[in-house]
Amino acid sequence: MVGHALVDMYRSYGGFGNEGNVFDEMPLWRFDSVSLVGWLRSSVDLNLLRVGKAVHCVAVVTNLCGDLSVNTALLSMYAKLGELECAELVFDGMPGKDCVVWNIMMSAYSRNGRPKESLELLRFMGRSGVRADMFTAIPAISSIARLRAMELGRQMHAHVIRNGLDYQVSVHNSLIDMYCECNRLSSARRIFNMVRDKTVVSWSAMIKGYVTHDQSLDALALFSEMKCDGVGVDFVTVINILPACVNLGALENVKYFHGYSMKLSLNSLSSVNTAFLVSYAKCGCIEMSRKVFDEENINEKDVITWNSMVGAYAKHGDWYRSFELYNQMKELSIKPDQVTFLGLLTACVNAGLVQEGKKCFKEMIDIYGYKPNQEHYACMADLLGRAGQVNEASELIKSMPFKPDARVWGPLLSACKLHSDTGVADFAAEKLITIEPNNAGNLILLANIKAAAGKWDEVAKIRRSLRDMGLKKTPGCSWVEINGRRIEFRVADRSHPTSDGIYAMLRNLELESKEANIQIHV
């Protein structure tokens, strides 16, 4: 009894070293199922897989593996610590599986990115005669959301209603998220409106759904409604709503949410600070991004924060500061990851630094042992292509260890237009059209390359193909925020009431730039 009491005391106060000593000194015959379950829970709380495996060994030696509570605790330990292979072995060896056991294994699959296995387990559970409960429905719905399996989602929703499993708001929240992931916002909103006791998770899920589907104004309106209802905002809500401000180019809204977060002390979290850093940068306010970055304690900055600042400078064309931060990371012994190098390569592309880009690409592979992905190769193809090294870019793409996607071929085709290389253009365009047959932009770009080379017969053929397939290029747009009001415009747009004055100013800028030997195109 004294040994067990000491174990409980040290576990409660986090003195795991002392707890381990008591554990070592206790004779094996004194262990029972209660003590082993307690130890397994401690190994999960302290994220110590090695200790959990040691307890498993004790369970085997003391013949306690036949105890359902011990087996369930072992399964839960392996599942929560991400050791799925061991969890599967424990699960398969359990003779009498109750609903809790099935739920733990289903949740483990769902949480670790294996939704198909999770749903397959749900089918086996039904065949074994075990009745599902609310905790079965939540991982199942989450798995369906990952797969975006709408028909299966409807069936699961009907099953939930039919078996009375929708009495908890957590099930409703999962359904909201599922319908949003399956691009059924109207269904998600109907469930949201039906929920009487909405939690902050309910609001956040619906806001995230609107933002994901580019309905930023609806997201902001829902956030205002949330505040009016007196629901407390958490850090997840703030992180979810910020992309809505970015999509609208609403810098003033970002500033408002920043102040609001500081008032609620949410800015003490690194994830929130990083979200504001990225949002300020995307809204064009790089100074505020750096201010947020500098205000965070140096010891609390993780690699995500560093990557966000490196990427922000890269997209703003400030390659020097991107590499300056990279050198600081190395001085502080913060290991860069693949995202770090993607930011550095982007900086090289925007600044035209070919040699630095090649060096960075080589360093990522040779020094840190990272394998480049599609985006890294896309940056290198773009970097070489812009510099006129189209053939070298083409050879790099051909040497890739996996099949290049549109992100890689697109920059190569753009480089062909820039340097009038019709030979490589045909090859790149053929690959792009195979990957994206409904993207009119690729065919239009190829037609422009052919037109620049005077190959009008081929231009006419491409345009006929566009007409026959009924493809049209979606016009791009830009926007600017003035005095809190967003103004959107497109190419040759004359819809603004003061468009004559705007174009007159652009012509004046063009004349002044010519005098300064700067080429711009209006």
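Partly exposed, a term used throughout these legends, describes a residue whose relative accessible area falls between the buried range, under 20%, and the exposed range, over 50%. Please keep in mind that the structure shown here is a predicted model.

**Close-up 1. Helices α14 and α16 side by side.** Welcome to the first view, which brings together helix α14, residues 216-228, and helix α16, residues 251-263. Their axes come within 14 Å and cross at roughly 30 degrees. Since angles under 35 degrees count as roughly parallel, α14 and α16 are therefore roughly parallel to each other. The crossing of these two helices is left-handed. To find the contact, look for L220, F223 and K227 on α14, and for N253, Y256, F257 and Y260 on α16. Sorted by class, the contact of α14 with α16 holds five nonpolar residues, one polar residue and one charged residue.

**Close-up 2. A salt bridge from α14 to α12.** Stay with helix α14 and find E225, whose side chain meets that of R189 in a salt bridge, at 3.8 Å from N to O. R189 belongs to helix α12, residues 185-194, while E225 lies in α14, so the pair ties together parts that are 36 residues apart in sequence. How accessible is E225? With a relative accessible area of 36%, E225 is partly exposed, because that value lies between the limits of 20% and 50%. R189, at 22% relative accessibility, also counts as partly exposed.

**Close-up 3. Helices α24 and α25 packed together.** Here helix α24, residues 390-398, packs with helix α25, residues 406-418. The angle is about 165 degrees and the axes are 10 Å apart. That angle makes α24 roughly antiparallel to α25, because angles over 145 degrees count as such. The crossing in which α24 passes α25 is left-handed. On the α24 side you can pick out V390, A393, S394 and I397, which meet V408, W409, L412, A415 and C416 of α25. The residues of this contact of α24 with α25 divide into eight nonpolar, one polar and no charged.

**Close-up 4. A salt bridge from α22 to α24.** Which residue does K358 meet in a salt bridge? The partner is E392, and the two side chains come to 3.1 Å, N to O. This pair links distant parts of the chain, with K358 in helix α22, residues 354-366, and E392 in helix α24, 34 residues apart. K358 is partly exposed, with a relative accessible area of 26%. E392 is partly exposed as well, its relative accessible area being 36%.

**Close-up 5. A salt bridge inside α24.** Now follow helix α24 to E395, which forms a salt bridge with K398. The closest N and O atoms of this pair are 3.8 Å apart. Both residues lie in α24, three residues apart, about one turn of the helix. Are E395 and K398 buried or exposed? E395 counts as partly exposed at 48% relative accessibility, whereas K398, at 51%, counts as exposed, because the exposed class begins over 50%.

**Close-up 6. A salt-bridge network.** Salt bridges that share partners join E88, R114 and E117 into one network. How many salt bridges does a search of the whole structure find? The search finds 19. As a general point, side chains of opposite charge can pair when their charged atoms come close.

Terms used
Residues are numbered from 1 along each chain as its sequence is written. This is a predicted model: local features need pLDDT of at least 70, side-chain atom pairs count only at pLDDT 80 or more; totals for chains, interfaces and linings use all residues. Side-chain values use heavy atoms; hydrogens and water are left out. Axes are lines fitted to C-alpha atoms, for helices over the stretch in contact, and angles run from 0 to 180 degrees between N-to-C directions. Helices (H or I, at least four residues) and strands (E, at least two) are DSSP runs, numbered from the N terminus. Angles under 35 degrees count as roughly parallel, over 145 as roughly antiparallel, 65 to 115 as roughly perpendicular and the rest as oblique. A crossing is left-handed if the near helix is turned anticlockwise from the far one by less than a right angle, and right-handed if clockwise. Contact means heavy atoms within 4.5 Å. Ala, Val, Leu, Ile, Met, Phe, Trp, Tyr, Cys and Pro count as nonpolar, Asp, Glu, Lys and Arg as charged, and the others, Gly among them, as polar. A salt bridge is a side-chain nitrogen of Lys or Arg within 4 Å of a carboxyl oxygen of Asp or Glu. Buried means under 20% relative accessible area, exposed over 50%, partly exposed in between (1.4 Å probe, protein chains only).
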